[in-house]
Amino acid sequence: MTGTAAPALGQAPAAGGDKSTRTAVSTMYRLTAGHRAAITVAAVLALVGSALGLAQPLVAKHVVDASGHGQVLWPLLALLGALFVTEAVTGAVGHFVLERMGEGVVRQLRHGLVGRLLRLEMREYDRHRTGDLISRVTADTTLLREVVSQALVDMVTGSLAAAGAIVLMAWLDPLLLLMVAVTVAAAAVIVASLLTGIRRASEHMQHAVGDIAAALERALGALPMVRVHRAEEREAAAIGGCVEAAYGAGVRTAKLASVMSPAVELAVQGSFLIVLVIGGLRVNAHAGSLGDLVAFLLYASYLVLPLSSIFHAVGLVQRGMGAYQRIEEALCLPVEPTGPQNASVRAPTSRPTRRAVPPEQPVLALRDVRFGYDPGRPVLRGVSFAVAHRQHVALVGRSGAGKSTVFALVASFYEPDEGSVLFGGRPATELGRAACRGRIAVVDQNTHVVHGTLRDNIAYAVPDATDAEIRSVVELAQLGEVVDRLPGGLNAVIGERGSTLSGGERQRVALARALLARPTLLLLDEPTSHLDAINESALTTVMKDVAQECALLVIAHRLSTVQHADHIVVLHDGRTAACGRHEELLDDPLYRELAESQMLRPGGLTGRGSRTDG
């Protein structure tokens, strides 16, 4: 069952959701599921600290009154010091609990995002930029950490502490409290008017940060091309545009926040001055005691911290919602089905084994398969062919004929719009994607070699492979000389994207990796494209040996590769145009044209240099 579709990533989310502070706080609170015990402990500690802080002005009031009557002060001063120290220790413990809880929430989000992004439908990778998706796992979750670790508790404890201070202030002097309330209410109105703008600016800033990551990933992923075409300045300018967009959004957020902070400070300072002036006049008029005024002033100053934390937390929650919106979009992207349609089909084991296929059934069969990446733009318009046991089948055709798309369907990256793909006579939809992929291995033209050791790359599909198994496929893939040349042999680090290997060596690493998986069907996409004549001849021998173990389906542009195939399938305009052996197909006008033109030639790359059939 796939997930529901989400708004296009990289765009600002639709304003359909409720952006009220209440909704934002509720959303942030849901993120803390599984961490409520830590929140409770932190909240209790914060409340204890607030209670200790609220008690201090009352003790100070008694100190002032006692000094006026000549009473002993040191017990009260000792109590005041004890309250202060205990409040500080309580606050430190509570802060640690909150920070640990915030890290736990971020860890949980990142695990969920990584698991989701690795299992997205292949169409989603075609639609979205990799760097932007990565930014959601890194930058967006980091912003949320501060929200869930501090803002939520600050809002709760700040509100309770402020309520306690207000109650005590009302008990001491209701008239002064009314004047304080008027100035605070004015600041609250200003803050409320800024929240929507802060959230919108935060959303734009997070999207711009994602664009920076995506643009930089694009440039670094094609760095040789960038250098050869002297495009460093162009790429820097393009990425710089994203940086400027992030800067503009950040400045707008800072501008709104800079208005909010002085509004709160002016309200607090104004309240303090009103209390000081009017309270002093009332003391002179004997309408109140000096101790009451001192206590009220302390409560007024004490009110600064909870009020500031509340206003700051509300703004932070709104900024966090911008990041959460992007995370939620990623979590709503559709993923591949987790199992077969038929629940009775067993999931494949972790260690690959060659699947038994009934001898009367072909290893692979495509029946009138039709498919398009976009609606109304078909790539395959009726492809049918079969690959028998230990048969070497070549797939040929002009660029754009649909060869790579056939591979993508066989690898279950996509599902046909019409027709069916069968493995051993069973529909792929019945087996499930994991079971289908357990029967195949792929050697792509754009070989994937990751940073790590040579052993890691070869044993990627079988991490627990023995040295003997690895040595066997190394010899079969003609990698022995490479292993001997590299310092450390199989344990040599081969760099990012296999930068220390040649193109042909990377392709042989991919072939060894595929063979180690012991597939029933091996898919080879242009296996000789990066090889010289000597290595091509060696690979031809390897392919003959591999064909004794499993079936081969090969996308080929070289005539030498096609001539050795047991069966050739000619694709044209997304359809199966002809099938047969090389000698038989020479009578077919399309195949003869391919053989006589640059599409099938004795050596070298195709006339167009690469395939573009999607």
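What span should the 14 residues of α17 have at 1.5 Å a residue, and how far apart are its end C-alpha atoms? The expected span is 20 Å and the end C-alpha atoms are 20 Å apart, so the two values agree. This comparison, like everything below, is drawn from a predicted model.

## Confidence in the model

The protein chain has an average pLDDT of 77, and 83% of the residues score at least 70. Among its elements, strand β1 (residues 364-371) has the highest confidence, at 93, whereas helix α7 (residues 223-228) has the lowest, at a mean of 68.

Two stretches call for caution. Residues 1-18 have a pLDDT below 50, although the model gives this stretch 40 contacts beyond near neighbours in sequence; residues 601-614 also fall below 50, with 37 such contacts. Where pLDDT is low, the predicted coordinates should not be read in detail.

## Helix α17 and the nonpolar cores

Twelve of the 14 residues of α17 are buried, and the helix is therefore largely enclosed by the rest of the structure. The buried set includes charged residues such as E505, R508 and R513, alongside V509, L511, L515 and L516. After the helix comes R518, which has a positive phi, near 50°.

The largest nonpolar core has 48 residues, and within this core I458, L522, I568 and V570 touch the most other members. Helix α17 (residues 503-516) contributes seven residues, the largest share of this core. Leaving aside residues up to four places away in sequence, L522 touches L511, A514 and L515, and its other contacts include A441, V442, V443, V546 and C550. A separate, second core consists of 35 residues, among them F385, V393, A401 and V406.

## The second largest pocket

The second largest pocket holds about 500 Å³ of space. Its lining is made up of 21 residues, and those nearest the centre of the pocket are A46, S50, D154, T157 and L305. Four helices, α2 (36-68), α3 (74-117), α5 (130-172) and α10 (304-331), each supply at least two residues of this lining.

## The surroundings of A428

A428 belongs to helix α12, which covers residues 428-431. With a relative accessibility of 17%, A428 counts as buried, because the cut-off for buried is under 20%. Not counting residues up to four places away in sequence, A428 touches V421, L422, F423 and C436. A411 lies 17 residues from A428 along the chain, and the C-alpha atoms of these two residues are separated by 9.9 Å.

Methods. Residues are numbered from 1 along each chain as its sequence is written. This is a predicted model: local features need pLDDT of at least 70, side-chain atom pairs count only at pLDDT 80 or more; totals for chains, interfaces and linings use all residues. Side-chain values use heavy atoms; hydrogens and water are left out. A nonpolar core is a set of buried Ala, Val, Leu, Ile, Met, Phe, Trp, Tyr and Cys residues joined through side-chain atoms within 4.5 Å. Buried means under 20% relative accessible area, exposed over 50%, partly exposed in between (1.4 Å probe, protein chains only). Contact means heavy atoms within 4.5 Å. pLDDT is the predictor's confidence in each residue, from 0 to 100. The expected span of a helix is 1.5 Å times one less than its number of residues. On a 1 Å grid over the protein atoms alone, a cavity is a set of points where a 1.4 Å probe fits but cannot get out, and a pocket is an open set with protein on both sides within 12 Å along at least five of seven lines; lining residues have an atom within 4 Å of a point. Grid points are joined across faces, edges and corners, and a volume is the space filled by probe spheres set on the points.
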